[in-house]
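Here is my note on the structure you sent. The points are numbered so that you can reply to each in turn.

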Amino acid sequence: MQQTLQLTLTPEIALDDENFRRFIIKKLQLREGDNPVIRRTRQSIDARSRQVKVNVQAEVYVNELPPSLISFNTTYPDVSNRPQAIIVGCGPAGMFAALRLIELGIKPILFERGKDVRTRRRDLAAINKEHIVNPESNYCFGEGGAGTYSDGKLYTRSNKRGDIRRVLEIFVGHGASEQILIDTHPHIGTNKLPLVVSAMRESILKAGGEIHFDTKVTDFIVEQNVLKGVVTEDTKEHLGLGVILATGHSARDIYELLDDKKILIENKSFAMGVRIEHPQRVIDKIQYHCETDRGPYLPAASYSLVTQTRYQGVQRGVFSFCMCPGGFIVPAATAPGELVVNGMSPSRRDSPYANSGIVVSVEESDIEPYKDFGALAGLEFQKEIERKACELAGATQTAPAQLANDFVRMKTSGELRETSYQPGLHSVDLYEVLPPNIAHPLRDGLSDFGRKMKGYLSGEAQLIGVESRTSSPVRIPRDRDSCEHPVVKGLFPCGEGAGYAGGIMSAAMDGERCAEQLAKLYAVV
């Protein structure tokens with residue numbers, strides 16, 4: 001017998017395995033001798049009212065075994081002797097493109113400027129402890145991309161971009177918890193994602209694909225507007241059926257290379273601001289309406305905020321970005337002399353801190369002073385803010401910070417709070433870091449958020465700057481259907497760096513789509 005239940009339960013029942021099992025057995029009037037198999041298939045927390053509820057979909061099997069939650073098979077064909085395609089970048093877009101190419105009978109050759117996921121840890125430790133930024137290996141560059149060591153959130157609204165369930169199952173097939181198939185907002189965690197990434201690498205290599213770490217692409221081989229391959233830093237040429245360019249939003253040298261070679265690129269909208277950090281208990285109290293703590297069952301609470309402001313006659317969106325409950329703020333610079341912050345959470349989300357980007361949309365008028373840089377104008381705007389942040393905070397990875405209340409009151413903070421940001425904080429007037437058309441909308445946005453969430457602008461909240469890499473300021477154009485560059489054939493701009501994704505899931509789906517289109521156009525059948 002199999003039965004599906006739709007339930008609304010208290011956290012004490014829904015989020016405790018033993019309590020949940022007892023509840024189901026009693027509800028269905030089962031006996032332990034029936035050997036019921038009970039599993040959740042969907043789960044979400046509803047904290048809109050004062051009494052928090054959990055919506056659960058569950059399947060119950062009596063005297064029969066349930067089918068597997070996943071249909072994905074990690075057995076890939078051998079492509080060792082098949083035609084090859086080039087992939088630049090080993091983040092989620094690049095890795096999922098590689099796996100899809102293998103399924104389609106094409107050998108992927110991946111080039112990654114950074115290091116493998118294990119070796120990369122030493123460079124992350126050097127940033128946090130010694131303030132040393134390795135331009136080729138950091139929180140943005142290396143196996144698995146920026147997402148590997150910055151959270152692993154898998155939520156996306158991009159239903160039309162690809163098969164979300166398929167991508168989640170591929171993660172599970174490579175070692176992620178089946179819980180990501182159940183939660184409404186799935187999350188692997190920065191402590192577990194490296195193992196998943198390593199397993200994906202092994203699948204690519206076992207099938208006959210190649211991955212070259214510490215290998216930077218420095219040039220493109222273009223003949224009569226056809227991209228034949230790439231040149232790496234050791235001057236070697238590598239040819240393929242096509243090139244999937246999946247370098248992420250921080251590979252500035254790739255944008256500059258495209259610009260130098262007169263390959264069409266465009267300005268793209270993006271956003272910029274700061275990270276706001278609270279004690280997690282403050283966010284729990286606001287979101288769960290609890291007097292003390294959230295108790296033993298509920299996970300660390302999150303939030304999503306958005307508002308519209310107006311400054312000097314221009315309307316500006318202000319919104320939360322990449323909210324990390326029970327997480328940490330990390331240094332995300334990719335070159336010495338710049339200061340960038342990002343957020344991450346471990347799988348248990350058990351840090352005493354919550355953080356989120358609070359960012360302001362950048363308008364065309366903001367980058368007007370940089371128009372001489374053409375399509376790289378937004379990039380230069382980013383660079384200037386990041387360098388100023390670094391300089392004002394002491395020219396290390398110590399971050400400029402200000403209490404949120406002080407920022408709203410336009411007052412420099414005399415003392416800062418404890419922080420999850422390892423390199424440390426330096427009290428700075430953030431109005432000296434951010435341009436007025438970012439700082440003032442940010443101030444108005446924070447004031448509005450404080451009205452929407454009572455306690456959000458408490459004296460315990462502080463702002464840490466700068467959150468400048470929300471997305472790429474450059475788009476590499478491509479055909480809507482074929483995913484191929486409109487001028488240079490054989491070039492498939494892909495993922496966040498090309499301007500077509502915004503997170504692990506959308507990047508992974510975009511990687512698969514580009515692989516499919518490359519195979520459709522150029523594979524030898």
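1. **Cys322 and its backbone.** This is a predicted model. Cys322 lies in strand E14, which spans residues 314-324. Phi of Cys322 is positive, about 55°, although the residue is not a glycine. With a relative accessible area of 23%, Cys322 is partly exposed. The cut-off matters here: buried means under 20% and exposed means over 50%, so 23% falls in between.

2. **Asp214, another positive phi.** Asp214 is a residue other than glycine, and its phi is near 55°. It sits in the loop between E6 and strand E7 (217-223). Asp214 counts as exposed because its relative accessibility is 53%. Please look at both backbones in your viewer.

3. **A cis peptide bond.** Gly465 and Val466 are joined by a cis peptide bond. Omega is about -5° there. Val466 belongs to strand E20. That strand covers residues 462-467 and pairs with E12, as the next point describes.

4. **Strand E12 and its partners.** How many of the residues of strand E12 are buried? Nine of the nine are, so this strand (residues 271-279) is largely enclosed by the rest of the structure. E12 pairs with strand E17 (residues 353-361) in the antiparallel sense, over nine bridges. In that pairing Ala271 stands opposite Ser361. E12 and E20 also run antiparallel, joined by four bridges. There Glu277 stands opposite Gln462. As background, strands of a sheet pair through backbone hydrogen bonds.

5. **The five-stranded sheet.** An open sheet is formed by five strands in the order E6-E5-E4-E10-E22. The pairing is parallel. Which strands are at the edges? They are strand E6 (210-212) and strand E22 (491-493), each of which pairs on one side only. On average, neighbouring strands of this sheet are turned by 20° against each other, direction ignored. Strand E5 (residues 107-111) pairs with E6 over three bridges, in the parallel sense. Leu110 stands opposite Ile211 in E6.

6. **Helices on that sheet.** H6 packs on the sheet and touches E5 and E6. The direction of H6 makes about 125° with that of E6. H3 lies across strand E4 (84-88), E5 and strand E10 (243-245). Relative to E5, H3 runs at about 165°.

7. **The cavity.** The structure holds one cavity of 30 Å³ or more. The largest cavity has a volume of about 80 Å³. Which helices each supply at least two residues of its lining? They are helix H3 (92-103) and helix H6 (193-206). Both were met above: H3 lies across E5, and H6 touches E5. The lining includes Pro92, Met95 and Phe96, as well as Leu193, Val197 and Met200. Also among the lining residues are Gly91, Gly144, Gly147, Thr148, Phe171 and Ile504. By class, eight of the lining residues are nonpolar and four are polar. None is charged.

8. **The second largest pocket.** This pocket holds about 220 Å³ of space. Its lining has 16 residues, of which Ser250, Arg252, Thr334, Ala335 and Glu338 lie nearest the centre. Two elements give two or more residues to the lining: helix H7 (252-260) and helix H9 (377-392). H7 provides the largest share, three residues. What is the class make-up of this lining? It has nine charged, four nonpolar and three polar residues. Set this beside the lining of the largest cavity, which has no charged residues. If you plan to assign charges, this is the lining to go through with care.

9. **Gln6 at the start of the chain.** Gln6 is placed in strand E1 (residues 2-9). At 59% relative accessibility, Gln6 counts as exposed. Leaving aside residues up to four places away in sequence, Gln6 touches Val56 and Gln57. Gln6 and Ala58 are 52 residues apart in sequence. In space, their C-alpha atoms are 6.7 Å apart.

Notes:
Residues numbered from 1 in each chain as written. Predicted model: local features only at pLDDT ≥ 70, side-chain atom pairs only at ≥ 80, totals over all residues. Heavy atoms only, no water. 1 Å grid on protein atoms, 1.4 Å probe; cavity = no way out; pocket = protein on both sides within 12 Å on 5 of 7 lines; lining within 4 Å. Points joined across faces, edges and corners; volume = space filled by probe spheres on them. Nonpolar A, V, L, I, M, F, W, Y, C, P; charged D, E, K, R; others polar. Pairing = 2+ DSSP bridges. Axes fitted to C-alpha atoms, helices over the stretch in contact; angles between N-to-C directions. Contact = heavy atoms within 4.5 Å. Buried < 20%, exposed > 50% of the residue type's maximum accessible area, 1.4 Å probe, protein only.
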